Amino acid sequence: MGFFIAQLLTGLASASSLFLVAAGLSIIFGVTRIVNFAHGSFFMLGAYLAYSIVGLLPLGVLGFWGAVLLAALIVGLIGALIEFALLSRLYRAPQLFQLVATFALVLIIQDVALWIWGAEDLVGPRAPGLDGAVRILGEAIPEYDLALIVIGPLVLFATWLLFYRSRWGVLVRAATEDREMLAALGVNQRWLFTSVFFVGSFLAGLGGALQLPRESVSLLMDLNVIAEAFVVVVIGGMGSVPGAYLAAVLIGELNAFGVLWLPEITLVLPFLVMAAVLIARPWGLLGKPERGGHETLLAERPLSLPGPALKAALLAGLLLLAALPLFAESFTLVLMTDVMIAALFAASLQFMMGLGGMTSFGHAAYFGLGAYGAALLATKAALPMVPALLGGPFLALAGAALFGWFCVRLTGVYLAMLTLAAAQIVWSLVFQWREVTGGDDGILGVWPADWAASREAVYWLTLLIAAGGIALLWRFAHAPFGYLLRAGRDSPQRAGAIGIDVKRQQWFAFIAAGTFAGMAGAIFAFSKGSIFPDELAIPRSVDGLVMVLLGGLHSLFGPLLGAGAFVLLEDWISRLDYWRLILGVVILVIVTAAPDGIAGGLRRLWALLAPRREVRP
């Protein structure tokens with residue numbers, strides 16, 4: 001019995017830390033509607049700042065807790081400054097832009113932390129007066145864990161007082177319900193949103209600072225915590241602080257007891273719960289249905305088939321790519337192979353988001369399923385290269401059909417979150433099913449057949465698959481299926497009124513996008529000779545979003561341009577120190593200054609240079 005009590009208390013202590021992070025994330029989303037990927041970075045900054053400040057202050061009770069509060073305050077001010085200077089410009093942009101911008105902040109803050117504190121893990125001091133253990137039914141419980149169990153509900157009570165017993169809280173709750181009405185009443189939303197960001201960032205910094213005695217401070221803290229924070233916010237209900245606490249306790253206890261009873265699937269459990277809640281109650285346990293009208297789409301030009309000049313340019317470009325192995329170096333072929341795989345992956349994501357209007361935060365799942373499918377068929381089943389290459393995308397198709405059937409029933413950020421949950425479920429299965437997938441060691445020895453063993457043969461095969469896949473996606477876009485998709489995206493009610501089954505069309509689009517992403521993954525596995533779980537992780541999905549955004553969300557050429565620019569840029573700057581910071585700044589410039597991407601910029605340049613047609617009277 002004592003052992004189970006100890007596990008229960010351990011789960012409650014973890015829940016308190018998780019609640020502090022998730023509460024801030026939930027508050028920020030509830031008011032600003034920004035899915036803040038950088039919230040994990042604020043958590044990491046809180047831990048780093050507490051480590052530095054506690055070394056400057058006299059070590060004692062006041063010194064330790066003073067350092068924790070001071071670190072949280074500094075993180076709150078940093079968050080408010082970022083909101084004021086950058087994120088406030090994106091409130092009316094699509095959620096894709098906000099997500100990518102906050103991911104750019106993750107890259108920037110990571111390199112800033114690397115520059116200030118170095119790459120080595122840092123070990124903080126124990127909390128003075130709470131460095132012992134208490135015996136409960138014979139089990140030793142750390143005193144600091146007991147303190148965290150108390151701190152969690154205290155913070156929940158303090159936030160309740162702030163939201164329900166202060167004028168500021170009334171205004172924030174009003175902004176959550178109806179921002180337009182609040183603006184009509186003359187409330188300065190700009191400062192209200194900045195103050196909300198301060199509170200949310202303060203809670204994230206407080207959560208990170210309180211972790212100082214429990215774990216070493218490292219550069220991995222941001223991405224490690226953000227996935228679980230998303231899970232807690234979605235389960236509890238976006239914008240609901242009590243819901244965040246309830247969900248944090250649920251996830252904390254699930255982790256504590258899951259290690260005992262279901263150790264093989266401990267990483268999957270939270271995401272399974274999240275997916276189940278999203279399917280049964282999309283707005284979370286204590287949340288409310290999202291009001292429509294928050295998503296803002298960029299103006300889109302009508303789709304048109306390429307003209308003769310553009311067709312000739314495309315054919316010339318294709319011939320040039322086909323002739324590249326005749327005169328290019330081996331490194332150039334490797335790099336261009338990566339570009340073509342990335343172009344097919346990005347084109348599949350653009351097909352789903354640009355035409356279907358379905359934002360995906362987890363498209364890497366289908367890229368990874370295709371890669372692992374081909375790798376398993378080649379190594380475990382010992383199939384030749386061609387059947388393995390064809391079989392990989394079928395695994396991606398099956399995964400997209402299963403997850404897509406549930407995802408298309410949701411809209412907006414809830415759909416995006418369910419795609420994220422699906423991707424994390426796949427990643428967790430791959431990571432923990434070591435007997436089949438090799439776990440974090442991956443699958444090695446996925447080599448091409450003898451006829452495709454040379455670098456030139458792999459290049460030509462990749463060109464064939466990528467060009468063929470992109471051509472098929474373009475054909476789908478200009479077929480009646482593509483027009484039905486656009487109708488369902490732009491006006492689902494009108495499309496439904498004329499007899500279009502919008503959800504079915506979206507499901508078909510989801511399956512097609514997943515299958516083509518799987519094609520890219522399958523050739524990727526053979527081109528690299530191996531596959532690892534990192535290819536299914538969140539950063540890989542964000543890479544796809546950045547490529548689409550970089551090239552232009554609503555242009556069929558956008559993914560090609562974006563993938564080329566992203567891979568070449570990443571290859572160039574990754575040789576430099578603090579390359580994440582450079583990449584993050586580039587992404588922020590694109591998001592704020594050129595939302596229609598490279599394709600939009602080229603289109604404007606062409607319109608400027610093209611001779612004006614004379615208008616006949």
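The following questions and answers concern helices, helix contacts and single residues of one predicted model.

The model is predicted, so that local features need pLDDT of at least 70 and side-chain atom pairs count only at pLDDT 80 or more, while totals for chains, interfaces and linings use all residues. Residues are numbered from 1 along each chain as its sequence is written, and side-chain values use heavy atoms, with hydrogens and water left out.

Reader: How far apart are the end C-alpha atoms of helix H22?

Author: Helices are DSSP runs of H or I with at least four residues, and strands are runs of E with at least two, numbered from the N terminus. The expected span of a helix is 1.5 Å times one less than its number of residues. For the 14 residues of H22 (residues 538-551) the expected span is 20 Å, and this agrees with the distance between the end C-alpha atoms, 20 Å.

Reader: How many residues of H22 are buried, and which residue follows the helix?

Author: Buried means under 20% relative accessible area, exposed over 50%, and partly exposed in between (1.4 Å probe, protein chains only). H22 is mostly covered, with 12 of its 14 residues buried; among them are Ile-538, Asp-543 and Met-547. After the helix comes a residue with a positive phi near 130°, Gly-552.

Reader: Which residue of H22 does Gln-424 contact?

Author: Gln-424 belongs to helix H16 (residues 412-432) and counts as buried because its relative accessibility is 6%. Contact means heavy atoms within 4.5 Å. Leaving aside neighbours within four places in sequence, Gln-424 is in contact with Ala-227, Phe-271 and Ile-538. Of these, the residue listed among the buried residues of H22 is Ile-538.

Reader: How many of the 16 residues of helix H9 are buried?

Author: H9 covers residues 221-236, and its expected span of 22 Å agrees with the 22 Å between its end C-alpha atoms. The helix is followed by Gly-237, which has a positive phi near 115°. H9 is largely enclosed by the rest of the structure, because the number of its residues that are buried is 13.

Reader: How are helices H14 and H15 oriented to each other, and what is the handedness of their crossing?

Author: Axes are lines fitted to C-alpha atoms, for helices over the stretch in contact, and angles run from 0 to 180 degrees between N-to-C directions. H14 (residues 364-379) and H15 (residues 385-407) pack at about 140°, with axes 7 Å apart. Angles under 35 degrees count as roughly parallel, over 145 as roughly antiparallel, 65 to 115 as roughly perpendicular and the rest as oblique. The two helices are therefore oblique to each other, and their crossing (left-handed if the near helix is turned anticlockwise from the far one by less than a right angle, right-handed if clockwise) is right-handed.

Reader: How many charged residues are in the contact of H14 with H15?

Author: The contact includes Tyr-366, Gly-370 and Leu-377 of H14 and Pro-387, Gly-391 and Phe-403 of H15. Ala, Val, Leu, Ile, Met, Phe, Trp, Tyr, Cys and Pro count as nonpolar, Asp, Glu, Lys and Arg as charged, and the others, Gly among them, as polar. The division is 12 nonpolar, five polar and, for charged residues, none.

Reader: How many charged residues are in the contact of H13 with H19?

Author: The axes of H13 (residues 330-355) and H19 (residues 480-490) come within 9 Å and cross at roughly 50°, and the helices are therefore oblique to each other. Phe-351, Gly-354 and Leu-355 of H13 meet Phe-481, Leu-485, Arg-486 and Arg-489 of H19. By class there are four nonpolar residues, one polar and, as charged residues, two.

Reader: Is Ala-382 buried or exposed?

Author: Most residues other than glycine have a negative phi. Ala-382 is not a glycine, yet has a positive phi of about 55°, and lies in the loop between H14 and H15. Because its relative accessible area is 59%, Ala-382 is exposed.

Reader: What is the relative accessibility of Tyr-578?

Author: Tyr-578 lies in the loop between helix H23 (558-573) and helix H24 (579-593). Tyr-578 is not a glycine, and its phi is positive at about 55°. Tyr-578 counts as partly exposed because its relative accessibility is 34%.
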